[in-house]
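Student: I'd like to go through this structure and press you on the labels. Can we take each term back to its cut-off?

Tutor: Sure, here it is.

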Amino acid sequence: QSLTPESFLRDYSQKGLPVVVEGTQLPRWSFAKLARECGSRPLRVQRHDPSSTGTWAGMLVDRRATLSELLQSWADGDRSGVVFDEPLILICPELLSLWQSPYVERCDLV
C-alpha cells in the first residue's frame with residue numbers, strides 16, 4: 001500500500017498510532033560501530049516492570065548511562081536495561097543523518 005509522508009503524519013504520527021513502514025534502506029551498524037560513533041551520548045536506561053501502573057508500557061527509568069555503557073552491560077549478559085522513547089537526534093544524530101526516509105522526522109524516537 002502506498003503511504004505518502006503527509007498521510008503518514010496525519011493518519012499515524014500525529015495520532016500516536018503505530019505503523020510498519022517497509023522498503024526503507026536502513027544502515028547496518030554493529031554495536032561496535034554504534035559505540036564508536038555515538039557511545040559517549042547520555043541516555044535514560046529503562047527497564048520493563050509488568051506490575052507497574054501509570055507508566056507508559058510499564059517502562060521505568062532505571063539509571064542514566066552512556067550508550068557505550070549500555071552496550072557493555074548487554075555484552076556482559078545483563079539485558080534488563082533498554083532504550084525506550086529517546087530522541088534519535090540526541091542519542092545518535094550520526095545514524096539519523098544516514099537514514100534516508102521521508103517518514104523519519106528529526107524528533108522521532110527509538
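Tutor: Let's start with the cysteines: the structure holds 1 disulfide. Before going further, note that this is a predicted model, where local features need pLDDT of at least 70 and side-chain atom pairs count only at pLDDT 80 or more, while totals for chains, interfaces and linings use all residues. Numbering starts from 1 along each chain as its sequence is written, and side-chain values use heavy atoms, with hydrogens and water left out.

Student: What makes cysteine 38 and cysteine 92 a disulfide?

Tutor: Their sulfur atoms are 1.8 Å apart. A disulfide is a pair of cysteine sulfur atoms within 2.5 Å, so the pair gets the name. It links distant parts of the chain, 54 residues apart: cysteine 38 is in helix α2, and cysteine 92 is in the loop between α4 and α5 (93–98). Both cysteine 38 and cysteine 92 are buried, a word that stands for under 20% relative accessible area, with exposed over 50% and partly exposed in between (1.4 Å probe, protein chains only).

Student: How do you know what counts as a helix or a strand here?

Tutor: Those are DSSP runs, numbered from the N terminus: helices are H or I with at least four residues, strands are E with at least two. On that basis the protein has 5 helices and 2 strands, in the order α-α-β-β-α-α-α from the N terminus on.

Student: Why is arginine 64 called exposed?

Tutor: Its relative accessible area is 55%, so arginine 64 clears the over 50% mark. Arginine 64 sits in strand β2 and touches Pro42, Leu43 and Arg44, not counting residues up to four places away in sequence. Contact there means heavy atoms within 4.5 Å. The C-alpha atoms of arginine 64 and proline 42 are 6.9 Å apart, with their positions 22 residues apart along the chain.

Student: And why is valine 82 called partly exposed?

Tutor: Valine 82 has a relative accessible area of 28%, which is neither under 20% nor over 50%, so the in-between label applies. You'll find valine 82 in the loop between α3 (67–75) and α4 (88–91). Leaving aside neighbours within four places in sequence, its contacts are Arg44, Val45, Gln46, Met59 and Trp74.

Student: What makes lysine 33 and glutamate 37 a salt bridge?

Tutor: The N to O distance between their side chains is 3.5 Å. A salt bridge is a side-chain nitrogen of Lys or Arg within 4 Å of a carboxyl oxygen of Asp or Glu, so this pair qualifies. Both residues lie in helix α2 (residues 31–38), 4 residues apart, about one turn of the helix. Lysine 33, at 26% relative accessibility, is partly exposed, and so is glutamate 37, at 35%.

Student: How many salt bridges does a search of the whole structure find?

Tutor: It finds 4. Among them, aspartate 11 and arginine 10 meet at 3.0 Å, N to O, and arginine 63 and aspartate 62 meet at 2.9 Å. Arg47, Asp62 and Arg63 are linked in a network of salt bridges.

Student: How do you know that aspartate 49 has no salt bridge?

Tutor: The nearest side chain of opposite charge, arginine 47, is 4.4 Å away. That is beyond the 4 Å limit, so the pair does not count. For the charges, Lys and Arg count as positive and Asp and Glu as negative, while His and the chain ends are not counted. Aspartate 49 is nonetheless buried, and it is found in the loop between β1 (42–48) and β2 (59–66). Leaving out residues up to four places away in sequence, aspartate 49 touches Gly58 and Leu60.

Student: What do the totals for the protein look like?

Tutor: Of its 110 residues, 27% count as buried. The protein exposes about 7,600 Å², with carbon and sulfur atoms supplying 54% of it; accessible areas come from the Shrake-Rupley method with a 1.4 Å probe, and for residues only the protein chains shown count as cover. As for contacts with a separation of 6 or more, residues 24 or more positions apart account for 55% of them.
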